[in-house]
Amino acid sequence: MQTRRITKADFDRIVEVIDRWWGGPISPFAHPIFFHELGQHALVAELAGAGGVRYDEIVGFLLGFVADPAGELNGPTGYVHLIGVHPEHRRRGFGRQLYERFETGCREAGCIRLKAITTPGNASSIRFHMALGWQAEEVDDYAGRGRRRVVLTRVLPAIVKAG
């Protein structure tokens, strides 16, 4: 598998398949802002053949960006909005590799943590993130009154620069 930055053609293909991959209507959450304005950190994963030859099959994607929130966070955060892996390619490490590549880009951008949000009923997402070393906290009213969410976070170790 290879990971690389998203292109407009990749984004168009993701929008075409995401509802099937997720088993329901989710494509409105794959907003074009993740290509046009925030695409620096958005990634796709594709299968590679011998010698790294690309197959034109996207097997996963990560729509994320770097945010620099004001207030108590004290530094940039790598935020993952959506991650998806083709159902026939799950449990093969593609999601983990997408996160590793995203984390590398975030660390290079000076991020001090990663963050993602999910619903309390999304047990597979919570398990996946916790297996990658993330912390999970249920927060009442996170997305508005009566809309509880699970806030997933992972503190990034400081980069030690040789000097």
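I'll start with helix α3, which gives the most to the lining of the second largest pocket, with five residues. Before going on: this is a predicted model, so please hear everything that follows as computed from that model.

The second largest pocket has a volume of about 180 Å³. Its lining consists of R5, Q40, H41, L43, R101, F102, T104, G105, E108 and A109. Sorted by class, that lining comes to three nonpolar, four polar and three charged residues.

Now the largest pocket. Its volume is about 1,100 Å³. There are 35 residues in the lining, and those closest to the centre are W22, I83, N122, S125 and H129. By class, the lining has 18 nonpolar, 10 polar and seven charged residues.

Which elements supply at least two residues each to that lining? The helices are α1, at 8-22, α3, at 94-108, and α4, at 123-131. The strands are β4, at 77-85, β5, at 113-118, and β7, at 149-155. The largest share comes from β4, with seven residues. Helix α3 therefore turns up twice in this talk: it supplies at least two residues to the lining of the largest pocket, and it gives the most to the lining of the second largest.Next, the overall layout. The protein has four helices and seven strands. Reading from the N terminus, the order of elements is β-α-α-β-β-β-α-β-α-β-β. Of the 163 residues, 39% count as buried. The protein exposes about 9,400 Å², and carbon and sulfur atoms supply 51% of that area. On contacts, take the pairs of residues at least 6 apart in sequence: 60% of those contacts join residues at least 24 apart.

Now some individual residues, beginning with S125. It was listed among the residues closest to the centre of the largest pocket. S125 lies in helix α4. Is S125 buried or exposed? Its relative accessibility is 16%, and the cut-off for buried is under 20%, so S125 counts as buried. Setting aside neighbours within four places in sequence, S125 is in contact with T118 and L152. T118 falls within the range given for β5, and L152 within the range given for β7.

W134 is next. This residue sits in the loop between α4 and β6, where β6 is 135-139. W134 is buried, with a relative accessible area of 3%. What does W134 contact, leaving aside neighbours within four places in sequence? The list is Y99, L114, K115, A116, H129, L152, T153 and R154. Two of those names have come up already: H129 is one of the residues closest to the centre of the largest pocket, and L152 is also in contact with S125. One distance to go with this: W134 and V151 are 17 residues apart in sequence, and their C-alpha atoms are 9.9 Å apart in space.

On to the cysteines. How many disulfides does a search of the whole structure find? The search finds zero. C106 is in no disulfide, and the nearest cysteine sulfur, that of C111, is 4.3 Å away. Why is there no bond between C111 and C106? The two sulfurs would have to be within 2.5 Å to count as a disulfide, and at 4.3 Å the sulfur of C111 is too far from that of C106 for a bond. As for exposure, C106 is buried, with a relative accessible area of 0%. C111 also counts as buried, at 7% relative accessibility.

Last, some backbone angles. R91 has a phi near 65°, which is a positive value in a residue other than glycine. R91 lies in the loop between β4 and α3. It is exposed, with a relative accessible area of 85%.

D141 also has a positive phi, about 60°, although it is not a glycine. D141 is found in the loop between β6 and β7. Its relative accessible area is 44%, which makes D141 partly exposed.

To recap the pockets: the largest is about 1,100 Å³, with β4 giving the largest share of its lining. The second largest is about 180 Å³, with α3 giving the most to its lining. That is the end of my part.

Notes:
Residues are numbered from 1 along each chain as its sequence is written. This is a predicted model: local features need pLDDT of at least 70, side-chain atom pairs count only at pLDDT 80 or more; totals for chains, interfaces and linings use all residues. Side-chain values use heavy atoms; hydrogens and water are left out. Buried means under 20% relative accessible area, exposed over 50%, partly exposed in between (1.4 Å probe, protein chains only). On a 1 Å grid over the protein atoms alone, a cavity is a set of points where a 1.4 Å probe fits but cannot get out, and a pocket is an open set with protein on both sides within 12 Å along at least five of seven lines; lining residues have an atom within 4 Å of a point. Grid points are joined across faces, edges and corners, and a volume is the space filled by probe spheres set on the points. Ala, Val, Leu, Ile, Met, Phe, Trp, Tyr, Cys and Pro count as nonpolar, Asp, Glu, Lys and Arg as charged, and the others, Gly among them, as polar. Contact means heavy atoms within 4.5 Å. Accessible areas come from the Shrake-Rupley method with a 1.4 Å probe; for residues, only the protein chains shown count as cover.
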